Amino acid sequence: MSLPLVVVAGATGFIGAEVVRELQSRGSRVRALVREPSRLTTEPEEVFVGNLLNPRTLEGSCADADAVVSCVGARLATKIFTYKAETFHAVDDAGNRSLLHEAGEAGVQRFAYVSLYGGRFLGMMEYVRAHESFAAALRMSSVDHLIVRPTITFARLRPLLERALRRGKLSMSGGGQGQINPVHEADVARVLVDGLEGHEREVDVGGPEVLTWEEIAGLAAAAAGDVPVRFSYVWRAQLRAALRRFAGRHGYDSAVYRIAESEVDMVGPAVGQRRLQDYFASLMG
């Protein structure tokens, strides 16, 4: 099914940019809904400046659109102090609800949302709860829905390589034996647009390689010049996470999710042929 005009919220992100490219390759026009147009790495046919944290700025963003794709989500915090307004609840749940309301008011027929793999079994961490809360709201809405749940993306593993290069070593939490199959953003985008044009409602997606975190760290360390890798006890990561509560809830919620992600096996249905080793090599190239 051809989609003449699609709104892509979060088009400046890694997945959002690939969704823009995938849609355009199939003949769709794209209206990018972004906060900062200067951060766009693609060339959408239209640009709409808006912020999901401010519903008034979304008015008119979905006019005449055939579908809306939301790749918007609060980032997992890496710094101790974070901007308080951009919490998982505020962005992933409340912000996306505002966009869904705007889409419904505009008569949009299809709404796709990028959630996270493991949300249905990882428990009630705030990062998971915010995603699943909006997913539930989307399922109950009058708009035909698509929820795509990728495992960890290649871009989220890029900081491992950068840290190894910067420090000349790589420190990881946990035992390193948790398994996951990382997936490239372009493969997530292809699955999403396939589902958007078809009749899919909920799709899990992972990459072609099942790796332990020890193997992932080893690939990053090798790409950085065979720097040493060290794993620390989980209780140390848990202690650091607990201390982050004094600096803000968002940092704590991010740290708790990262611990769970590294310790729980999260292997989704495999798609694509892109491999993490080649991705790291391309960054070094």
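The legends below walk through several close-up views of this predicted model.

**View 1. A patch of positive charge sits on the surface.**
Here you can find Arg166, Arg167, Lys169, Arg230, Arg236 and Arg240, which gather in one positively charged surface patch. Two elements each give two or more residues to this patch: helix 4, covering residues 154–167, and helix 7, covering residues 234–244. Take a moment with Arg167, a member of the patch that lies in helix 4. Is Arg167 buried or exposed? Its relative accessibility is 52%, so Arg167 counts as exposed, the cut-off for that word being over 50%.

**View 2. Arg139 and Glu202 meet in a salt bridge.**
Before looking at this pair, keep one simple idea in mind. Side chains of opposite charge can pair when their charged atoms come close. A search of the whole structure finds 17 salt bridges, and the one between the side chains of Arg139 and Glu202 has an N to O distance of 3.1 Å. Which parts of the chain does this pair tie together? Arg139 belongs to helix 3 (residues 126–140) and Glu202 to strand 9 (residues 202–205), so the salt bridge ties together parts that are 63 residues apart in sequence. Arg139 is partly exposed, at 36% relative accessibility. Glu202 is partly exposed too, with a relative accessible area of 30%.

**View 3. Arg274 reaches a buried partner, Asp187.**
The side chains of Arg274 and Asp187 form a salt bridge, with 2.6 Å from N to O. Arg274 is found in the loop between helix 8 (249–263) and helix 9 (276–284), while Asp187 is in helix 5 (residues 185–197), so this pair links parts that are 87 residues apart in sequence. How is each partner placed with respect to the surface, buried or partly exposed? Arg274 counts as partly exposed, at 38% relative accessibility. Asp187 has 3% relative accessibility and counts as buried, because buried means under 20%.

**View 4. Arg275 and Glu209 join two loops.**
In this view, the side chains of Arg275 and Glu209 meet in a salt bridge of 3.2 Å, N to O. Arg275 lies in the loop between helix 8 and helix 9, and Glu209 in the loop between strand 9 and strand 10 (211–212), so the pair ties together parts that are 66 residues apart in sequence. Arg275 is partly exposed, at 38% relative accessible area.

**View 5. Four charged residues form a network.**
Which residues are linked in this network of salt bridges? They are Glu22, Arg26, Asp194 and Glu197.

**View 6. Cys62 and Cys71 stay unpaired.**
A disulfide is a covalent bond between the sulfur atoms of two cysteines. How many disulfides does the structure hold? The count is zero. Cys62 is in no disulfide, and the nearest cysteine sulfur to its own, that of Cys71, is 13 Å away. Cys71 is in no disulfide either, with the sulfur of Cys62 as its nearest, 13 Å away. For a disulfide, the two sulfur atoms must be within 2.5 Å. Cys62 counts as buried, at 0% relative accessibility. Cys71 also counts as buried, at 19%.

**View 7. Ala223 and Arg29 are separated by 38 Å.**
Ala223 is part of helix 6 (residues 213–223) and is partly exposed, with a relative accessible area of 23%. Its C-alpha atom and that of Arg29 are 38 Å apart, and the two residues are 194 residues apart along the chain.

Definitions and conventions. Residues numbered from 1 in each chain as written. Predicted model: local features only at pLDDT ≥ 70, side-chain atom pairs only at ≥ 80, totals over all residues. Heavy atoms only, no water. Patch = residues over 30% accessible without salt bridge, like charges linked within 9 Å, V, L, I, M, F, W, Y side chains within 5 Å. Areas by Shrake-Rupley, 256 points an atom, 1.4 Å probe, with all protein chains shown as cover. Lys, Arg positive; Asp, Glu negative; His and termini not counted. Charge placed at Lys NZ, Arg CZ, Asp CG, Glu CD. Helix = DSSP H or I, 4+ residues; strand = E, 2+ residues; numbered from the N terminus. Buried < 20%, exposed > 50% of the residue type's maximum accessible area, 1.4 Å probe, protein only.
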